[in-house]
Amino acid sequence: MESGWRRERRRLWQECARLVAELNIDLPFDSAEFVARLARRRGRHIELVPIHARSATPCGILLSTDQADYLCYAVNTSPLHREHILLHEAGHLVCGHTGPSTMDAVPTALLPHLSDELVRRVLCRSSFDDAQERQAELFASLILHRAARWRPPRTSAGAVTRLVSVLRGTPRPPLD
């Protein structure tokens, strides 16, 4: 007999896999272009907002107003992590998640120019105890996995140097 936890996990995987399969993912993958297409599909402006996350602040935030959605993502992290954060926040939009309608969840020092009256929804990427956070995290992971499978092989200067050394018959430099 399947436990409730396993059933929920299987349902989450199936739902996220269905959502990702329905998306048109261009190759090579570009997360900013993906978000732009998502905005066009939804008929609603999405603005990317780079932030400097600190240990006491979330590394990603989805903030919605009447006019637009704002995807805030940490820039002081690795490129892969930035992309994952951005896709996580976009996942909240694709999945139709809702959150509190106040700025209580967002430190005012992070976005001081937005008042409580403007904000309709705030989702912060800080904990994965919540089902919506787990779904957004899995959504981002599946998008990146799908994009990585189809990325063309990278050519690096090291590979070219190795190829030239083989053709010349000289000792090969070590692999990168």
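A polar contact is a pair of N or O atoms within 3.5 Å, of which, within protein, one must be able to donate a hydrogen and the other to accept it.

Q: To which residue's side chain is the side chain of H88 joined by a polar contact?
A: In this predicted model, H88 belongs to helix α3, which covers residues 79–95. Because the relative accessibility of H88 is 0%, H88 counts as buried. The polar contact of 2.9 Å made by the side chain of H88 leads to the side chain of E133.

Q: Is the aromatic pair of F29 and F34 stacked, tilted or edge-to-face?
A: The count of aromatic pairs comes to one, and F29 and F34 form that pair, with their ring centres 5.9 Å apart. F29, at 9% relative accessibility, counts as buried, and so does F34, at 3%. Planes under 30 degrees apart would count as stacked and those over 60 as edge-to-face, so the angle of 50° between these two planes makes the pair tilted.

Q: Which residue caps the N-terminal end of α2?
A: Helix α2 runs over residues 31–42 and reaches 16 Å from its first C-alpha to its last, close to the 16 Å expected. A side-chain oxygen lies 3.0 Å from the backbone nitrogen of A32, and the residue that supplies this oxygen as the cap is D30.

Q: What phi does G43 take just after α2?
A: Within α2, the buried residues are S31, F34, V35, R37, L38 and A39. G43 follows just after this helix, where its phi is positive, at about 70°.

Key. Residues are numbered from 1 along each chain as its sequence is written. This is a predicted model: local features need pLDDT of at least 70, side-chain atom pairs count only at pLDDT 80 or more; totals for chains, interfaces and linings use all residues. Side-chain values use heavy atoms; hydrogens and water are left out. Helices (H or I, at least four residues) and strands (E, at least two) are DSSP runs, numbered from the N terminus. Buried means under 20% relative accessible area, exposed over 50%, partly exposed in between (1.4 Å probe, protein chains only). Rings of Phe, Tyr and Trp (its six-membered ring) pair if their centres lie within 6.5 Å; planes under 30 degrees apart count as stacked, over 60 as edge-to-face and the rest as tilted. The expected span of a helix is 1.5 Å times one less than its number of residues.
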